[in-house]
Amino acid sequence: MPETLASQVAAGEVIERPSSVVKELIENSLDAGAKTIELEIRKGGSALLKVKDDGCGMSPEDARLCLERNATSKIKAVDDLNTLHTHGFRGEALPSITSVSRFRLTTSQDNALPATQIHIEGGTIRSISESARSIGTTIEVKDLFYNVPARRKFLKSQNTEFGHIEHQFKLSALGNPEVRYILKNEDQIKWDLRPTKDARLRIAEFIGLELSKKLIPLTPTQVGQIELHGFLLPGSEARNTSKQQTIFINSRPIDDPVVRNAIRDGYRGHIQPGQFPIVWLWISMPPHELDINVHPAKREVRFRHQTEIKYAVSETIASTLSPKRNPVSPPQFFQNSRTTEASSEHFESTQPAEPTPLARWTTSTQKELTLTETARLANEEKPPAKSRSHSFTVLSLFKNRYWLCEDSEGLVIVDPKASRERITYDTLKRQLEASEVQAQKLLIPSVFETDSRETPLIEENLQLLEEMGFEISSLGKDTFQLLSVPNVLSSDLSEDSTSILKDLIDGLELVRKKTMRELPHQSMLHTIAQRSGRTQSSAIQYADSLLTELVNCSIPYCTAAGRPTMIHYSENEIKKKF
Ligand code: ADP
Ligand code: MG
C-alpha cells in the first residue's frame, strides 16, 4: 500500500511525538471555529489522545475526504497561500495520524442529521457508520505508533510526553484566550480555562495570581506593518531557560531566535547575562511578510524584514521597561541604505524592502483587536506618560529641508516632515482612542463640490469624518461645507482646507475597493498624518518643540508607515571615515 507508506513517511515529519498530534488536532478545532476544546490524555498520549470540539463539524462527504492525502479544504487557489490565516493548510496532518494509530473520527455538521463516524487502523478504513453527537468533531487517537515499533520505542517516559502535551496545550490556550480549554489526564481535570477576552487573565491562570500582579503591559506599538502587544515580567523574575518566553505571530506560537535575541536586547540593563526574561508577546504582521511553512510542524518562521522585527521588539520592550530613558541610536537599517537588510539570509525576496504605502496594516480582525486593545491598555494600565525633553543640539539647516543635530553619541539628521507625520499620527490616534479628537471651527466654512463618485463616500462616512474632527454638512446636491478640522491640522490649513478632503476620499475609495487592507479610520489617520507632514515647515525655529514632541512618541525613529524620521552617525563611524 504505497499510499499508506507515503503517509507514514510524512507522519515522521509532522508527527514527532504525541504532542505533535495534539498540536495538529487543536489547530484543526480552532480552524473549525470551536469555542470549547477538550483534550483527554492517557499514558502520556501513547494510549489515548482525544480532542473534542464544538466547531463547525463536517458533512459525511467531507469527513471521508479529509482523511485523504492533501485533502485540505483550506487552499482554493495558489494565491491563497500568501494570505492564509488558518493554522493548517497542507491537508497532511489527519492522513499522517491515521496511518500510525488506531483512529476514530466522529463529526456532525447538523444537529438534525446523524453524525458520521469513521474508524481507521494504520491507514486502512475499518468502518464508516452513523453515530450521534451534536455539532462538532471528536477525534480519538489510540496506540500511537503501534505499527511503527521503531518510533514507539523512542517515546520518552509518560511524564515527559505529558509535559510536552501540556506545553502545547498551554501555548494554544494562551494564543486563544477567548476559547475555553479543558485538559484531562487519566480522568482527572488538570485545567479548565474559562474563556476571556483579556489575555492577562489567561496568563494569570498559568502563573498564579501573585506573580500575575507583577505583569507589565507592553506599550502597544506599531512599526511599519508590525504591531505588537503583550505582557512582561520584571527582569527580577528572569529564569535560566527561555522556556517561559511565549511568542505568537499572527496567533501562531513560534520559537524564533531573532525574536528571542530582540527580547534579550530589550531587557538590557534589567537582567543578568545568561538569564531569560519572562514575556508573552503577540506580534501581528501581514502574512506575506513571513514564511511560516519552513518547518513541517510550523514552529519556525522566516521574516522578510528581520531588522524591523528586531527593532520593533527590542525597542518596545526597552521603552516599556524604562519609559523615561533617553532614546537610543536608531538601528543600522535607518542609517544605511537597505542593502544589508534586504539580503536577509534565508530569503530571496522579490518584495520591495520598504513597506508599500498600500499595505500598511494587518488583517482586519487583528486590526480591530489591536485598536480596542490599545485603547484599553492605554487608558487603564499605563500611568500617564511624563513628557521628556530631547537631547539634541540643533546645528543648522541642510538643503532647506533637514536639521543637522548632535547628541552625546554623534551626528543626527532629522527630517522635520517625517517627524511631524509621526507626531500627528500618535497624537490623533491617542485622541481617537479616547473618543476626544480636538477640532477647531473654521472662521469661514469652506464650501466644496464633489463628483458623483465622491458624494456617496462622503455621505457614508460623515459620522466618522466628524469623529476625526471634520465637521461637514450637506448643502444640497454634490455640495458640502466644511465647518471644522482636527487641531493637528489647523495650523497647516489656512487657505486650502478642502484639499485634504480630496485625499481622505481617495483613501476611503481604496478602502472600499479593498485595495488597502485597512479600515476607514486607519486610512484617514494615515492620510492626515502624511498631510501634516507635507506642510510642516523646515524652519529651524520649529526644531526645539518638534524634537520634544518627537522623542515623546511611541517610536520616534520612523513614521507609522515605516519611513525614518532621523538618521544617526556615531562619532566612531565618522572617525573611521577620516
Ligand atoms: P489542514 O488542517 O492542513 O487542512 P488536516 O489534515 O489537519 O489538514 O485536516 C484536513 C481537513 O479536515 C481540514 O481542512 C478540515 O476541512 C477538516 N477538519 C479536520 N479537523 C476538523 C475539525 N476538528 N472540525 C472540522 N473540520 C475539520
Ligand atoms: Mg490541520
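This talk goes through the salt bridges, nonpolar cores, two backbone angles and one cavity of a predicted model.

I will start with charge pairs. Side chains of opposite charge can pair when their charged atoms come close. Searching the whole structure gives 29 salt bridges. I will take three of them, and then a network.

The first pair is Lys23 and Glu27, whose closest N and O atoms are 3.2 Å apart. Why are these two residues placed to meet? They sit four residues apart in helix H2, residues 18-31, and so are separated by about one helical turn. Are they buried or exposed? Lys23 has a relative accessible area of 8%, so it is buried. Glu27 is buried as well, at 7%. Please keep Glu27 in mind, as I return to it with the cavity.

The second pair is Glu471 with Lys441, and here the closest N and O atoms are 2.7 Å apart. This bridge links distant parts of the chain, with Glu471 in strand S21 (residues 471-474) and Lys441 in strand S20 (residues 439-449), 30 residues apart. Glu471 is partly exposed, with a relative accessible area of 24%, while Lys441 is exposed at 58%.

The third pair is Lys477 and Asp478, with an N to O distance of 3.2 Å. Lys477 is exposed, at 73% relative accessibility. Asp478, on the other hand, is buried, with a value of 18%.

There is also a network of salt bridges, which links Asp451, Arg453, Glu454, Lys502, Asp506 and Glu509.

Asp478 brings me to the backbone. Most residues other than glycine have a negative phi, and most peptide bonds are trans. Asp478 has a positive phi, near 55°. Where is Asp478 found? It lies in the loop between S21 and strand S22, residues 479-486. Asp143 also has a positive phi, near 50°. Its place is the loop between strand S6 (136-142) and helix H6 (149-153). Asp143 counts as partly exposed, at 25% relative accessibility.

Next, the nonpolar cores. In soluble globular proteins, nonpolar side chains tend to be buried together. The largest nonpolar core in this model has 52 residues, and those that touch the most other members are Leu39, Phe103, Leu105, Val141, Tyr181 and Trp280. Which helix gives the most to this core? That is H7, residues 158-175, with six residues.

Apart from this core lies another, of 44 residues, including Leu281, Val414, Ile423 and Ile555.

To look at one member of the largest core, take Val141. Leaving aside neighbours within four places in sequence, Val141 is in contact with Val21, Leu25, Ala47, Leu48, Leu49, Ile97, Ser101, Arg102 and Phe103.

Last, the empty space. Rolling a probe the size of a water molecule over the atoms shows where empty space is left. How many cavities of 30 Å³ or more does the structure hold? It holds four. I will describe the second largest, which has a volume of about 100 Å³.

This cavity is lined by 11 residues, and those nearest its centre are Ile26, Glu27, Leu30, Ser172 and Pro253. Helices H2 and H7 are the elements that give two or more residues to the lining. The largest share comes from H2, with five residues. By class, the lining has four nonpolar, five polar and two charged residues.

So Glu27 appears twice in this talk: in the salt bridge with Lys23, and among the residues nearest the centre of the second largest cavity.

Technical notes. Residues numbered from 1 in each chain as written. Chains lettered and ligands numbered in written order. Predicted model: local features only at pLDDT ≥ 70, side-chain atom pairs only at ≥ 80, totals over all residues. Heavy atoms only, no water. Salt bridge = Lys/Arg side-chain N within 4 Å of Asp/Glu carboxyl O. Buried < 20%, exposed > 50% of the residue type's maximum accessible area, 1.4 Å probe, protein only. Core = buried A, V, L, I, M, F, W, Y, C linked by side-chain atoms within 4.5 Å. Contact = heavy atoms within 4.5 Å. 1 Å grid on protein atoms, 1.4 Å probe; cavity = no way out; pocket = protein on both sides within 12 Å on 5 of 7 lines; lining within 4 Å. Points joined across faces, edges and corners; volume = space filled by probe spheres on them. Nonpolar A, V, L, I, M, F, W, Y, C, P; charged D, E, K, R; others polar.
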